Structures are given as structure tokens and as C-alpha cells.
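Trainee: I would like to learn how to read a structure of this kind, one feature after another. Could we start by looking at the sequence and the model together?

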Amino acid sequence: MSACETLLEIRGMELRYGAAIAVRDISLRVARGQLVAVIGNNGAGKSSMVKGATGLVRPSAGKVLFRGEDTTALPAHSKAKRGLVMVPEGRRLFPDQTVEDNLILGAYVHGGLKHEKARASFDRVLALFPRLKERLRQQAGSMSGGEQQMLAIARGLMAGPELLIIDELSLGLAPRIVTQLIEVLAQLNREGLTIVLVEQLAAHALSIADHAYVVDNGAIGLSGPSAEIAANPQVMDAFLGKKAVAP
Ligand SMILES: Nc1ncnc2c1ncn2[C@@H]1O[C@H](COP(=O)(O)OP(=O)(O)OP(=O)(O)O)[C@@H](O)[C@H]1O
Ligand SMILES: [Mg+2]
């Protein structure tokens, strides 16, 4: 495996909801081992791009390659099985089910906890998030927002991702919790997990990312090393308004 192996490549993606175009033309590349930030204003098309990449919505044009394979037409569960996993915006947990059941559902694409690998993942995510270990029997919907986001990430990890795409990590969370979660993601990335972090709160994502893409009106407005993007005044003014202030 070469150091710069491309894990995910999106080529010229267009995605429509009926007549409305949410993604006009997005191309991006994520190499194995990278942590990539995707930032941009409300309604820029970030979540739509993620849905197109992971197979929740079929793009109307363009290609999604995962590990070199054309996966454009594959449904989300087939992509998850190949290692392309997402933590959706708003978490989408099963609120009436326990923490443990939500985690087991995360391993569903691999047949649940039967697999030795899934049992190892279970132990690993509980070590990563001790709070969840204390709350295994608690209903997911009764937990705090931060705990629910931990569970959403942990559930994603249970699917055994090679690439984990996290859509709006910080949504509705206190800055202190966001900082903790960002540190967990940085740790996972150091351990080898490739991560795409989609965030409106640009400063947080840029602080740990290698590379960044700015989505503007359904297309990539700018891209480059995250330090360069963070220092670009155009990013602050044109794309992010006041949201780009440092954490
Ligand atoms: N299911 C849908 N049906 C119709 N239009 C949609 C649908 N989902 C999103 N859109 C539209 O597509 C555009 C892009 O939305 P999207 O959710 O991808 O943006 P976003 O960058 O993720 O925004 P945010 O930062 O608020 O999460 C918006 O104009 C939105 O109204
Ligand atoms: Mg979104």
C-alpha cells in the first residue's frame, strides 16, 4: 500500500433533488491516512455531497470511487461494507434503544456482534468513550447531546470503517465538548483512521485537518493545506462570515 493511496475520489459530482441542484460540480480526493476538512456555509451542499458519496442519494452526474472501485451506483450498506462509513448530520441514533443496541446496530453490515472483529471494536469504542461504557443500558435518546455524538461516532466505528465521514460534529454542542471530540478524532487519525470532517465551525475542523475543501454554492470554491485555508482572508469573508472565528 503506497503512502499516498487514494481512498475516496469524487469526480465531477452533481446531485439534484427533483429540479433543485444541491451539488453542481464537486471533485475531491482523500488519501489514506489523511484527515480532510470540508467546510462551507449553510446550504452550500456539504451534506448532499456526503449523501452522494456514501450512497444515500444517487448523484445525477459524476463518479464516486472508493479504493479505486467505481461505487457511484452502490447503495449505502454496500459502501459501508467496503469501509465507507458516515456519521450523519443530527446523529440519527435509535433514541428508544439502548446505547448497547445502537452500537450493535453499527456492526450490522458485518452481521452484528457475532464476528470477533466486531467484539474487538466494541471493546475499543468503550475504551475510547468510557462514558458510553457507564451507560450501556441507558436509552440513547435520554443522553446529553455530547454523549449522543460520542455514541454516533462509536456506532460508526463499529462498522469497521476505512474512511469515516462525520457530518457536523459540533452541531448543538458546547465548545468544551467539541474540543474533546476533536481530540478523539485526532487520536483516531493518528492511529491510522482516514477521516473527513464536514463542519460549519471551520476553525475546529481546520485545526486538526491536513487538507481542506471549501464548498460554496454546490461547488468547490477553494482547496489546499488546511493551514493555508485557515489563513486565507477570502475564506473568512466570502465563505464563512463570522463563523470562522478561532475556537
Ligand atoms: N431532501 C431535500 N430535498 C430538496 N432539497 C434539499 C434536500 N436536502 C437538501 N436540499 C437543498 O440542497 C441544498 C444543499 O443542502 P445541504 O443540506 O447539502 O447543505 P449543507 O452544506 O449541508 O448545509 P448545512 O451547513 O446547513 O448543513 C440546500 O439548498 C437545501 O435546501
Ligand atoms: Mg449539512
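**Reading the model**

Mentor: In helix α1, the residues K46, S47, S48, M49, V50, G52, A53 and T54 are buried, where buried means under 20% relative accessible area, exposed means over 50%, and partly exposed lies in between, with a 1.4 Å probe and protein chains only. Helices (H or I, at least four residues) and strands (E, at least two) are DSSP runs, numbered from the N terminus. This is a predicted model, in which local features need pLDDT of at least 70 and side-chain atom pairs count only at pLDDT 80 or more, whereas totals for chains, interfaces and linings use all residues. Residues are numbered from 1 along each chain as its sequence is written, chains are lettered from A and ligands numbered from 1 in the order in which they are written, and side-chain values use heavy atoms, with hydrogens and water left out.

Trainee: How many of the residues of α1 are buried, and what follows for the helix?

Mentor: Eight of its nine residues are buried, so α1 is largely enclosed by the rest of the structure. Just after α1, G55 takes a positive phi of about 95°.

Trainee: Which protein atoms are the donors of the magnesium ion?

Mentor: Donors are N, O and S atoms within 2.8 Å of the metal (3.2 Å for Na, K and Ca), and because water is not among the atoms, sites may look incomplete. Here the magnesium ion, ligand 2, has as its protein donors S47 through OG and E89 through OE, which lie 2.0 to 2.2 Å from it. S47 lies in helix α1 (residues 46–54) and E89 in the loop between β6 (84–87) and α3 (99–106), so the pair ties together parts that are 42 residues apart in sequence.

Trainee: Are these two donors buried or exposed?

Mentor: S47 is buried, at a relative accessible area of 16%, while E89 is partly exposed, at 36%. Contact means heavy atoms within 4.5 Å, and, leaving aside neighbours within four places in sequence, S47 is in contact with E89 and D167.

Trainee: How should I describe two helices that pack against each other?

Mentor: Two packed helices are described by the angle between their axes and the distance between the axes. The axes are lines fitted to C-alpha atoms, for helices over the stretch in contact, and angles run from 0 to 180 degrees between N-to-C directions. For helix α4 (residues 116–128) and helix α6 (residues 145–158), the axes come within 9 Å and cross at roughly 155°. The two helices are therefore roughly antiparallel to each other, since angles under 35 degrees count as roughly parallel, over 145 as roughly antiparallel, 65 to 115 as roughly perpendicular and the rest as oblique.

Trainee: Which residues meet where α4 packs on α6?

Mentor: From α4, A118, S121, F122, V125 and L128 meet A154, L157 and M158 of α6. These contact residues divide into seven nonpolar, one polar and no charged, where Ala, Val, Leu, Ile, Met, Phe, Trp, Tyr, Cys and Pro count as nonpolar, Asp, Glu, Lys and Arg as charged, and the others, Gly among them, as polar. K117 also lies in α4, and K117 is exposed, with a relative accessible area of 58%.

Trainee: At what angle do α6 and helix α7 pack?

Mentor: Helix α7 (residues 175–190) packs with α6 at an angle of about 15°, and their axes are 10 Å apart. They are therefore roughly parallel to each other. The contact is made by G146, Q149, M150, I153 and L157 of α6 together with I177, Q180, L181, L185 and L188 of α7, and its residues divide into seven nonpolar, three polar and no charged.

Trainee: Where does L164 lie, and what does it touch?

Mentor: L164 lies in strand β7 (residues 163–167), and at 0% relative accessibility L164 counts as buried. Not counting residues up to four places away in sequence, L164 touches V85, V87, I153, G156, L157, L193, T194, I195 and V196.

Trainee: What should I look for in phi values?

Mentor: Most residues other than glycine have a negative phi, and most peptide bonds are trans. R67, although not a glycine, has a positive phi of about 50°, and R67 lies in the loop between β4 (61–66) and β5 (69–70). N217, another residue other than glycine, has a positive phi near 50°, and its place is in the loop between β9 (211–216) and β10 (219–225).
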